[in-house]
Amino acid sequence: MSALTLRHALALLVTLHIVVARAQLAPPSPEFVVLRDDETEAVSPDLYDVSFHDDTHGWAAGGQGTIMRTQDGGTSWVALNIGNWSYATFHGISFASETIGWAVGNIGTILRTSNRGDTWTAQDS
């Protein structure tokens, strides 16, 4: 793992812990809490990959169909809606540009986005 990727992965983990502390909630075991638009949403703690296109735009992928996005260098993260793929465990995520990326997971799952992760389309494996 490159130093830049490792740094961003560490930033993601620290950010998730800070979000929990700021919400003044004990972290529910075994989930983190992500705050979004005055809502509280439980997210799987099993994150397996983090990808940053630049210092600002990044994505994280993990278990239970978790794909998250940051647009502020990891200060805040938003869980993305990936449709019917919530059962998938994503082990990798990579973006070729700020808009085009892929997430890969178990049982040959490959998803592609061309709009920063707003929508995802299945690809043949």
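This report walks through the fold of one protein chain, from its strands to its side chains.

**Ground rules**

The model is predicted, so a word on how it was read: local features need pLDDT of at least 70, side-chain atom pairs count only at pLDDT 80 or more, and totals for chains, interfaces and linings use all residues. Residues are numbered from 1 along each chain as its sequence is written, and side-chain values use heavy atoms, with hydrogens and water left out.

**The overall layout**

Let's start with the big picture. The chain has one helix and ten strands; here helices (H or I, at least four residues) and strands (E, at least two) are DSSP runs, numbered from the N terminus. Reading from the N terminus, the order is α-β-β-β-β-β-β-β-β-β-β.

Of the 125 residues, 38% are buried. Buried means under 20% relative accessible area, exposed means over 50%, and partly exposed is in between (1.4 Å probe, protein chains only). About 6,900 Å² of the chain is exposed, with carbon and sulfur atoms supplying 51% of that area; such areas come from the Shrake-Rupley method with a 1.4 Å probe, and for residues only the protein chains shown count as cover.

What about contacts (heavy atoms within 4.5 Å)? Among those with a separation of 6 or more, 33% are between residues 24 or more positions apart.

**Strand 8 and its neighbours**

Strand 8 covers residues 101-105, and its side chains alternate. Gly 101, Ala 103 and Gly 105 point to one face and are buried, while Trp 102 and Val 104 point to the other and are not. That fits a textbook pattern: in a regular strand the side chains alternate between the two faces of the sheet.

Which way do strand 7 and strand 8 run, and how many bridges join them? Strand 7 (residues 90-95) runs antiparallel to strand 8, with five bridges between the two. (Strands pair if DSSP finds at least two bridges between them.) Phe 90 stands opposite Gly 105, and the two strands form a hairpin with five residues between them.

On to strand 9 (residues 110-113), which pairs with strand 8 over four bridges, again in the antiparallel sense. Here Gly 101 has Thr 113 as its bridge partner. Strand 8 and strand 9 also form a hairpin, with four residues between them, and Ile 107 in the turn has a positive phi of about 45°.

**Salt bridges**

A salt bridge needs a side-chain nitrogen of Lys or Arg within 4 Å of a carboxyl oxygen of Asp or Glu. By this rule there are two:

| Pair | N to O distance |
|---|---|
| Arg 69 and Asp 118 | 3.0 Å |
| Arg 116 and Asp 118 | 3.9 Å |

Arg 69 lies in strand 5 (residues 67-70) and Asp 118 in the loop between strand 9 and strand 10 (121-122), so this pair ties together parts that are 49 residues apart in sequence. Arg 69 counts as buried at 11% relative accessibility. Asp 118 is partly exposed at 39%, and Arg 116 is partly exposed at 23%. Through shared partners, Arg 69, Arg 116 and Asp 118 join into one network.

**Aromatic pairs**

Rings of Phe, Tyr and Trp (its six-membered ring) pair if their centres lie within 6.5 Å; planes under 30 degrees apart count as stacked, over 60 as edge-to-face and the rest as tilted. The count comes to four pairs.

In one of them, the rings of Phe 52 and Trp 77 have centres 6.1 Å apart and planes at 85°, so the pair is edge-to-face. Phe 52 is in strand 3 (residues 47-52) and Trp 77 in the loop between strand 5 and strand 6 (78-79), so parts 25 residues apart in sequence are tied together. Both residues are buried. Phe 95 and Trp 120 are edge-to-face too, because their centres are 6.3 Å apart and their planes at 90°. Both Phe 95 and Trp 120 are buried, and together with Trp 59 they form one aromatic cluster.

**Nonpolar cores**

A nonpolar core is a set of buried Ala, Val, Leu, Ile, Met, Phe, Trp, Tyr and Cys residues joined through side-chain atoms within 4.5 Å. The largest one has twelve residues, including Trp 59, Phe 90, Phe 95, Ala 103, Leu 111 and Trp 120. Its largest share, three residues, comes from strand 7. A second, separate core has seven residues, among them Leu 47, Val 50, Ala 60 and Met 68.

Conventions: Contact means heavy atoms within 4.5 Å.
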